[in-house]
Amino acid sequence: MADPARARKMADRIKEIVARRLDKGLRDPRLGFVTITDVRVTGDLQHASIFYTVYGTDEERRDSALALKAATGMLRSEVGRNITARLTPSLEFIADAVPENAQHIADLLHEARTRDAETVALAANAEYAGDPDPYVKPRELDDDEDDFDDVEVR
């Protein structure tokens, strides 16, 4: 296994190389507005997983995925020319779900805020179901009453 620091450096370098190449442009009209978000390299430096996002519709995302899959060999050659490693890692492009997850979390937070506001509104007009103070209080005795009248002494 390689040093984890070396794997991180290689991942950063691969991210830079692939992003630069995509910025220059590929000759594939299916490729949309692609952003490389992360690259992870295995410990043996043999495989790189490249995470990306695509700005656009589902169809544009699907077309961009096909374009990246078609350009994998060319991008791997580009990576091989620009890194200093004995073997060039294989590349795998994975659509990053961060934007969708972030939107889902934002929707859940909005729903929680709405429910909290409804709860506060209901609590403001709420009344007790029984007595306001449900706890039994000790009975107050008058001065002329004696608690020991009922007790028999033997």
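**Exercise 1. Salt bridges within helices**

Glutamate 16 and arginine 20 form a salt bridge whose closest N and O atoms are 3.4 Å apart; in this predicted model, determine how many helical turns separate glutamate 16 and arginine 20, and which residues are linked in a network of salt bridges with them.

*Solution.* Step one is the cut-off: a side-chain nitrogen of Lys or Arg has to lie within 4 Å of a carboxyl oxygen of Asp or Glu, and the 3.4 Å between the closest N and O atoms of glutamate 16 and arginine 20 belongs to a salt bridge by that rule. Step two places the two residues: they are 4 residues apart in helix 1, and therefore separated by about one helical turn. Step three considers exposure, where glutamate 16 is partly exposed at a relative accessible area of 43%, and arginine 20 is partly exposed at 35%. Step four widens the view, since Arg13, Glu16 and Arg20 are linked in a network of salt bridges. As general background, side chains of opposite charge can pair when their charged atoms come close.

**Exercise 2. Two further salt bridges**

Among the 7 salt bridges of the structure, examine the one between arginine 81 and glutamate 78 and the one between glutamate 111 and arginine 115, and state for each residue whether it is buried, partly exposed or exposed.

*Solution.* Begin with arginine 81 and glutamate 78, whose side chains meet at 2.9 Å, N to O. These residues are 3 residues apart in helix 3, which puts about one helical turn between them. With exposed meaning over 50% and buried under 20%, arginine 81 counts as exposed at 59% relative accessibility, whereas glutamate 78 is buried, with a relative accessible area of 12%. Continue with glutamate 111 and arginine 115, whose salt bridge has an N to O distance of 2.8 Å. Both residues lie in helix 4 (residues 98-124), 4 residues apart, again about one turn of the helix. Here glutamate 111 is partly exposed at 37%, and arginine 115 is exposed at 52%.

**Exercise 3. The sheet and its aromatic pairs**

Describe the order and pairing of the strands in the sheet, and then classify each of the 2 aromatic pairs in the structure.

*Solution.* The 3 strands form an open sheet in the order 1-2-3, with mixed pairing. Strand 1 (33-41) and strand 3 (90-95) stand at the edges with a single partner strand each, so one side of each is left without a neighbour in the sheet. On average, neighbouring strands of this sheet are turned by 30° against each other, direction ignored. Strand 2 (residues 47-55) pairs with strand 3 in the parallel sense over 6 bridges, and isoleucine 50 stands opposite phenylalanine 93 in strand 3.

For the aromatic pairs, the needed cut-off is that planes over 60 degrees apart count as edge-to-face. The rings of phenylalanine 33 and tyrosine 55 have centres 6.5 Å apart and planes at 90°, so this pair is edge-to-face. Because phenylalanine 33 lies in strand 1 and tyrosine 55 in strand 2, the pair ties together parts that are 22 residues apart in sequence. Phenylalanine 33 is exposed at 59%, and tyrosine 55 is exposed at 68%.

The rings of tyrosine 52 and phenylalanine 93, with centres 6.4 Å apart and planes at 70°, are therefore edge-to-face as well. Tyrosine 52 lies in strand 2 and phenylalanine 93 in strand 3, so this pair ties together parts that are 41 residues apart in sequence. Tyrosine 52 is buried at 5%, and phenylalanine 93 counts as buried at 16%.

**Exercise 4. The nonpolar core**

Identify which residues have the most contacts inside the largest nonpolar core, and list what valine 18 touches beyond four places away in sequence.

*Solution.* The largest nonpolar core has 26 residues, and those with the most contacts inside it are Ile14 and Val18. The elements that give two or more residues to this core are helix 1, strand 1, strand 2, helix 2 (58-70), helix 3 (72-82) and strand 3; the largest share, 7 residues, comes from helix 1. Leaving aside residues up to four places away in sequence, valine 18 touches Ile36, Ile50, Leu75, Val79 and Phe93.

**Exercise 5. A backbone angle in a loop**

Establish what is notable about phi of leucine 45, and whether leucine 45 is buried or exposed.

*Solution.* Most residues other than glycine have a negative phi. Phi of leucine 45, however, is near 60°, a positive value in a residue other than glycine. Leucine 45 has its place in the loop between strand 1 and strand 2, and leucine 45 is buried, with a relative accessible area of 8%.

Methods:
Residues are numbered from 1 along each chain as its sequence is written. This is a predicted model: local features need pLDDT of at least 70, side-chain atom pairs count only at pLDDT 80 or more; totals for chains, interfaces and linings use all residues. Side-chain values use heavy atoms; hydrogens and water are left out. Two strands pair if DSSP finds at least two bridges between them. Axes are lines fitted to C-alpha atoms, for helices over the stretch in contact, and angles run from 0 to 180 degrees between N-to-C directions. Rings of Phe, Tyr and Trp (its six-membered ring) pair if their centres lie within 6.5 Å; planes under 30 degrees apart count as stacked, over 60 as edge-to-face and the rest as tilted. Buried means under 20% relative accessible area, exposed over 50%, partly exposed in between (1.4 Å probe, protein chains only). A nonpolar core is a set of buried Ala, Val, Leu, Ile, Met, Phe, Trp, Tyr and Cys residues joined through side-chain atoms within 4.5 Å. Contact means heavy atoms within 4.5 Å.
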